[in-house]
Amino acid sequence: MPDIDTSSEFFLSARPEGGTQANYFRPKAVTEIVFPGVGMIMHPLFWTKYAIDLHQNGYDLSEQEHLYLWAERDGDRDPTEGVLYYTLLSVYATRQGNIPDITVGENAASEWLFKPSTITGRGLYDELVDHFMRVVTGEAPSLDEFTTETLGLMSQRFRSRCADNGVSFPDHFETQLHSVTHSSGANERDRYESIVTAFVRALERTFAEVPALHRTRLGEVVIGSNLNFVRPLLEQAPPSVLARLANTQFAFVADEANAFLEAVQAREHGEYLVGSILLIAVVGPSQDRDAILDDLRHLPELYQSRSDIVDEARAQFPDAEISTAVLDAIEHLCYFWSVNYFLADGEDLARHLIAHTPGIVHETDLDDLFEDHESARSFERFVDLSTQDRYSAELADLITLLNGMDESDVAAFLDQFREQLGAGASPRDLFIALLEWNGVLVDETDHYRVTAPIQENDSASFYGVDEVINWTETLTEAVNDG
């Protein structure tokens with residue numbers, strides 16, 4: 001049983017007050033065994049190419065504290081290598097029908113740099129790009145009016161801090177607009193790009209003069225999760241593979257999709273993410289999201305029903321040099337996904353139970369939970385699955401694997417699950433036994449007393465799945481488009 005120190009806490013109410021977000025059921029999600037490096041919030045795959053390209057061009061990813069605004073190298077700041085620059089260029093490309101939306105940072109920039117959009121269904125980037133296009137199409141009356149109107153799109157915070165420091169953003173913008181040059185025959189895209197270039201350069205000059213514009217508490221990286229994902233690839237993937245990914249073209253092409261898989265499988269535990277991508281590709285990442293999520297809950301059944309599933313998975317990316325380790329991991333992955341769904345379902349059930357009881361759980365509460373709650377069906381299915389010989393062996397191997405990955409808390413939890421399973425516990429009794437083992441419930445003969453703090457969120461899920469599905473869709477579309 002986990003060590004739980006309650007000696008210093010005394011609660012007058014039936015259960016502790018809120019204040020912590022410790023889980024009730026699962027110690028934590030174990031995504032390292034299904035998609036290592038993928039977090040709860042991941043941005044489109046373009047930003048992995050972008051990060052690799054920065055590295056290949058001498059930018060230290062660990063030193064990019066203001067990457068949304070500019071990239072920094074050897075003391076020089078280049079705003080045309082920043083996230084905002086490429087985001088604004090991508091909006092134009094998306095409008096031309098060339099790429100799906102890959103913009104990032106809109107929430108971060110709202111109220112910090114830009115005024116929120118007041119038009120339903122349109123974001124602040126849309127308003128900014130519409131404004132820029134007035135110059136591109138020759139509709140703006142004058143540069144002076146255009147730059148002044150641009151200031152009107154900036155946030156109150158931005159405008160007031162510039163004013164407090166006697167700095168004119170419109171003047172900086174107009175100066176930069178005069179400095180960008182293009183031929184008289186430049187096309188619309190080139191003219192738009194020159195305006196974006198002038199805009200981000202004007203922002204950089206303004207920030208240099210008004211350091212108070214920076215936001216320190218939340219940071220200015222925006223794509224930090226993608227940078228964290230890329231770092232192990234830079235250390236472990238072959239340079240020749242990384243070179244195929246190092247560019248800032250918005251669209252993903254087939255060779256880049258193949259290179260991405262080859263780079264990821266080279267990192268520690270990378271075979272699990274590549275194997276998961278292959279399984280999602282087999283299921284079909286572009287189908288209705290509810291349908292694919294349901295299919296992913298049934299991967300063990302899918303594996304058992306399709307004898308050629310490994311060959312089918314391999315065939316999704318026929319030109320990629322997929323390693324044997326990836327293909328060997330496919331069967332294990334099907335169970336590993338189910339383990340994560342089981343942990344999420346158990347947590348979801350526990351949060352729902354405790355949120356809807358007054359600190360005391362009765363048998364009728366448990367009966368209602370397992371009769372009515374949607375997560376109970378998949379929870380019971382996993383328990384039944386794990387009684388099969390092939391999956392009881394998988395469970396034992398997984399516990400060994402997790403101990404080797406320094407995931408001893410999850411390993412101990414699953415070992416306790418295995419013990420309860422071996423004792424013939426029903427899914428309902430197993431659920432209670434694990435909550436007791438976690439110290440969340442205490443058996444008081446005719447009821448259970450809740451000892452854990454109240455959670456603010458009364459539901460739980462398997463985090464990161466949507467992000468991996470989105471990435472897989474990008475990769476499969478690149479291959480299918482040739």
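This is a short talk about a small sheet, the helix packed on it, one buried arginine and a handful of salt bridges.

Okay, before anything else: what you have on screen is a predicted model. Let's start with the sheet.

There are 3 strands here, and they make an open sheet that runs E3-E5-E4, with antiparallel pairing. Strand E3, residues 360-361, and strand E4, residues 441-443, are the edge strands; each has a single partner strand, so each is left with one side that has no neighbour in the sheet. If you follow E4 across to strand E5, residues 448-450, you'll count 3 bridges, antiparallel again. To put one pair of names on that, Leu-441 has Val-450 in E5 as its bridge partner.

Now look at what sits on the sheet. Helix H21, residues 427-437, packs there and touches both E4 and E5, and its direction is at about 105° to that of E4. How many of the residues of H21 are buried? It's 9 of 11, so to speak a mostly covered helix. Among those buried residues are Leu-430, Phe-431, Ile-432, Leu-434, Leu-435 and Trp-437, and Arg-428 is on the list too. What do the buried residues pack against? Besides E4 and E5, they pack against four helices: H16 (324-355), H17 (363-372), H18 (374-386) and H20 (408-422). And just past the end of H21 you'll find Gly-439 with a positive phi, about 80°.

Right, on to the arginine. Arg-215 sits in the loop between helix H8, 188-209, and helix H9, 224-236. Arg-215 is buried, and yet it has no salt bridge. Which side chain of opposite charge is nearest to it? That's Glu-220, 5.8 Å away. The cut-off for a salt bridge is 4 Å, so at 5.8 Å Glu-220 doesn't qualify.

So where does the Arg-215 side chain go? One place is the backbone oxygen of Ala-108, at 3.3 Å. Another is the backbone oxygen of Gly-219, which is 2.7 Å from a polar atom of the Arg-215 side chain. If you set aside neighbours within four places in sequence, the contacts of Arg-215 are Ala-108, Trp-112, Arg-157 and Glu-220. So Ala-108 turns up both as a contact and as the owner of one of those backbone oxygens.

Last topic, salt bridges. Across the whole structure the search gives 25 of them, and I'll just walk through a few.

Glu-204 and Arg-205 meet at 2.9 Å, N to O. Glu-204 counts as buried because its relative accessibility is 9%, while Arg-205, at 34%, counts as partly exposed.

Then there's Glu-312 with Arg-306, at 2.7 Å, N to O. Here Glu-312 is partly exposed at 24%, and Arg-306 is partly exposed at 26%.

The next one is inside a helix. Arg-351 pairs with Glu-347, with the closest N and O atoms 2.9 Å apart. These two are 4 residues apart in helix H16, so about one helical turn separates them. As a reminder, an α-helix has 3.6 residues a turn, so residues three or four places apart point the same way. Buried or exposed, then, for Arg-351 and Glu-347? Both are buried. And beyond single pairs, Arg-95, Arg-122, Asp-126 and Asp-130 are joined into one network by salt bridges that share partners.

That's my tour, thanks.

Definitions and conventions:
Residues numbered from 1 in each chain as written. Predicted model: local features only at pLDDT ≥ 70, side-chain atom pairs only at ≥ 80, totals over all residues. Heavy atoms only, no water. Pairing = 2+ DSSP bridges. Contact = heavy atoms within 4.5 Å. Axes fitted to C-alpha atoms, helices over the stretch in contact; angles between N-to-C directions. Buried < 20%, exposed > 50% of the residue type's maximum accessible area, 1.4 Å probe, protein only. Lys, Arg positive; Asp, Glu negative; His and termini not counted. Polar contact = N/O pair within 3.5 Å; in protein donor to acceptor, adjacent residues only side chain to side chain.
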